[in-house]
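Student: I would like to go through this model and ask, for each label, what justifies it. Could we begin with what a contact is?

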Amino acid sequence: MSNEQAAQPTFSVEKLYVKDLSLEVPHAPAIFLEQETPEVDMRITTENAKVEENFYECSVTVTVTAKLNDGRVVFLNEVTQAGIFHVSNVSEEDVKLLLGVACPNILFPYAREAVSTTVTRAGFPPVLLAPINFDAMYHQAQEQQAQ
């Protein structure tokens with residue numbers, strides 16, 4: 001391999017996996033008899049860490065909680081979708097951008113599918129998560145760190 005080829009920036013997905021998956025339906029079976037439509041709350045967090053030289057783990061955690069007006073939890077579903085990514089010959093600033101935006105954009109559809117499948121298997125209608133603007137999330141986090 002020539003020096004020119006060796007210096008080419010590379011970014012690739014090495015492995016995608018579910019790192020954590022949990023579902024709680026604390027008031028089953030009585031909760032299935034409720035007619036009220038629950039309020040659904042969704043939280044998303046991202047994390048990344050260097051695994052070894054040029055290899056990084058990135059994860060997207062989606063937490064979906066459905067509650068009734070009286071505060072009872074209908075279900076709580078948490079999914080952490082992760083991946084190992086190979087990044088080389090990329091500036092440190094661009095690595096941060098890849099890990100903060102590109103990797104979560106790759107992982108989120110898998111997390112969204114895991115949430116939908118898990119909630120459906122629990123006996124509830126599927127939860128369809130809207131797309132997330134990870135670029136905006138990343139820049140907001142950068143601004144908060146700067147302050």
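Tutor: Contact here means heavy atoms within 4.5 Å. Keep in mind that this is a predicted model. By that rule, and leaving aside neighbours within four places in sequence, N77 is in contact with L21, S22, L23, V62, T63, V64, V115, T118 and V119.

Student: Where is N77 found, and why is N77 called buried or exposed?

Tutor: N77 is found in strand β4, residues 73-88. Its relative accessibility is 0%, and buried means under 20%, so N77 counts as buried.

Student: What makes the approach of the N77 side chain to S22 a polar contact?

Tutor: A polar atom of the N77 side chain lies 2.9 Å from the backbone oxygen of S22; the cut-off for such a pair of N or O atoms is 3.5 Å, and the distance of 2.9 Å therefore satisfies it.

Student: Which residues have the most contacts inside the largest nonpolar core?

Tutor: That core has 29 residues, and V62, F75 and V115 are those with the most contacts inside it. The elements that give two or more residues to this core are β3 (55-67), β4 and α2, and α2 gives the most, with 10 residues. In soluble globular proteins, nonpolar side chains tend to be buried together. As for V62, its contacts beyond four places in sequence include N77, V79, F108, A111, V115 and L129.

Student: How do you know that the span of α2 agrees with its number of residues?

Tutor: Helix α2 has 30 residues (92-121), which at 1.5 Å a residue should span 44 Å, and its end C-alpha atoms are 42 Å apart, so the two values agree. There is nevertheless a kink of about 40° in α2, centred on P104. Just after α2, G123 takes a positive phi of about 100°.

Student: What does the calculation of the span give for α3?

Tutor: The 13 residues of helix α3 (residues 134-146) should span 18 Å, and the end C-alpha atoms are 18 Å apart, so the expected span agrees with the distance in the model. At the start of α3, a side-chain oxygen of N133 reaches to within 3.2 Å of the backbone nitrogen of D135.

Student: How many salt bridges are there, and what makes the pair E34 and R72 one of them?

Tutor: The count comes to 4 salt bridges. The side chains of E34 and R72 meet at 2.7 Å, N to O, and the cut-off is 4 Å, so the pair qualifies as a salt bridge. This pair links distant parts of the chain, with E34 in the loop between β1 (10-24) and β2 (39-52) and R72 in the loop between β3 and β4, 38 residues apart.

Student: Why are E34 and R72 called partly exposed?

Tutor: The label applies to values between the 20% limit for buried and the 50% limit for exposed. E34 is at 31% relative accessibility and therefore counts as partly exposed, and R72, with a relative accessible area of 26%, is partly exposed as well.

Student: What joins E34, D70 and R72 into one network?

Tutor: The side chains of R72 and D70 also meet in a salt bridge, at 2.8 Å, N to O, and salt bridges that share partners join E34, D70 and R72 into one network. D70 has a relative accessible area of 51%, and exposed means over 50%, so D70 is exposed.

Key:
Residues are numbered from 1 along each chain as its sequence is written. This is a predicted model: local features need pLDDT of at least 70, side-chain atom pairs count only at pLDDT 80 or more; totals for chains, interfaces and linings use all residues. Side-chain values use heavy atoms; hydrogens and water are left out. Helices (H or I, at least four residues) and strands (E, at least two) are DSSP runs, numbered from the N terminus. Buried means under 20% relative accessible area, exposed over 50%, partly exposed in between (1.4 Å probe, protein chains only). A polar contact is a pair of N or O atoms within 3.5 Å; within protein, one must be able to donate a hydrogen and the other to accept it, and residues adjacent in sequence count only if both atoms are side-chain atoms. The expected span of a helix is 1.5 Å times one less than its number of residues. The bend at a residue is the angle between axes fitted to the seven residues ending there and the seven starting there. A nonpolar core is a set of buried Ala, Val, Leu, Ile, Met, Phe, Trp, Tyr and Cys residues joined through side-chain atoms within 4.5 Å.
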